[in-house]
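Here are a few exercises to work through with the model open beside you. Try each task before reading its solution.

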Amino acid sequence: MDTKEAVTQFCEAFATGDLDNALTYLSEDCCYHHLPYKPLQGHAEIRRELSHFMGILGGQILEIRNQVAEGNVVMNERLDRYPNPPGRAPFELPVTGVFVFRDGKIVEWRDYFDTAQLAEGLGQSGAPPGA
């Protein structure tokens, strides 16, 4: 499987809430930086944070609009949709993801998005907590 396909499958597993499967695409020492939050290192920290966000957001649909690969880097433009956030209206969040591979696994994963737009979707003012 090439790196673009691996990122597509990773995003599909993550979107469906299958964290066990999603984590198989990440190296044990993967660094996930969901900017502007602090970077997370390793499966345990990443699982804890993703589980937390999935609980707050109530499920998601990740639409990959464009995806390119060069060497060991894959970048995608996504529209992350949150159709059922608990107690809130559905919302969408444009995201750009950067995935760096080593030995067939994602070793760095960075997501860039507008924190004000996320806060609005969560019914908060300003940046979300932890930003």
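## Exercise 1: The nonpolar cores

The largest nonpolar core has 23 residues, and F10, I46, F99, I106 and W109 touch the most other members. The model is a predicted one, in which local features need pLDDT of at least 70 and side-chain atom pairs count only at pLDDT 80 or more, while totals for chains, interfaces and linings use all residues. Residues are numbered from 1 along each chain as its sequence is written, and side-chain values use heavy atoms, with hydrogens and water left out.

Task: find which elements supply at least two residues of this core, then look at the contacts of I46.

Solution.

Step 1. A nonpolar core is a set of buried Ala, Val, Leu, Ile, Met, Phe, Trp, Tyr and Cys residues joined through side-chain atoms within 4.5 Å. Buried means under 20% relative accessible area, exposed over 50%, and partly exposed in between (1.4 Å probe, protein chains only).

Step 2. At least two residues each come from α1 (3–15), α2 (19–23), β1, α3, β5 and β6 (105–112). Helices (H or I, at least four residues) and strands (E, at least two) are DSSP runs, numbered from the N terminus. The largest share, 7 residues, belongs to α1.

Step 3. Beyond its neighbours within four places in sequence, I46 is in contact (heavy atoms within 4.5 Å) with L23, L26, C30, Y32 and L40.

Step 4. There is also a second, separate core of 10 residues, including Y37, Y82, L93 and F113.

## Exercise 2: L40 and the two cysteines

Task: locate L40, list what it touches, and decide how many disulfides the structure holds.

Solution.

Step 1. L40 sits in strand β2 (residues 40–41). With 7% relative accessibility, L40 counts as buried.

Step 2. Leaving out residues up to four places away in sequence, L40 touches C30, C31, Y32, E45, I46 and E49. Between the C-alpha atoms of L40 and L50, which are 10 residues apart along the chain, the separation is 10 Å.

Step 3. A disulfide is a pair of cysteine sulfur atoms within 2.5 Å, and the structure holds 0 of them. For C30, the nearest cysteine sulfur is that of C31, 6.8 Å away.

Step 4. C30 is buried, with a relative accessible area of 0%, whereas C31 is partly exposed at 22%.

## Exercise 3: The cavity

Task: work out which residues lie closest to the centre of the largest cavity and which element gives the largest share of its lining.

Solution.

Step 1. On a 1 Å grid over the protein atoms alone, a cavity is a set of points where a 1.4 Å probe fits but cannot get out, and lining residues have an atom within 4 Å of a point. Grid points are joined across faces, edges and corners, and a volume is the space filled by probe spheres set on the points.

Step 2. The structure has 1 cavity of 30 Å³ or more, and the largest cavity holds about 150 Å³ of space.

Step 3. Its lining has 15 residues, of which F14, H34, L57, Q60 and Y82 are the closest to the centre. Two or more lining residues come from each of β1 (26–34), α3 (42–57), β4 (73–82) and β5 (91–102), and α3 gives the largest share, 4 residues.

How values were computed
1 Å grid on protein atoms, 1.4 Å probe; cavity = no way out; pocket = protein on both sides within 12 Å on 5 of 7 lines; lining within 4 Å.
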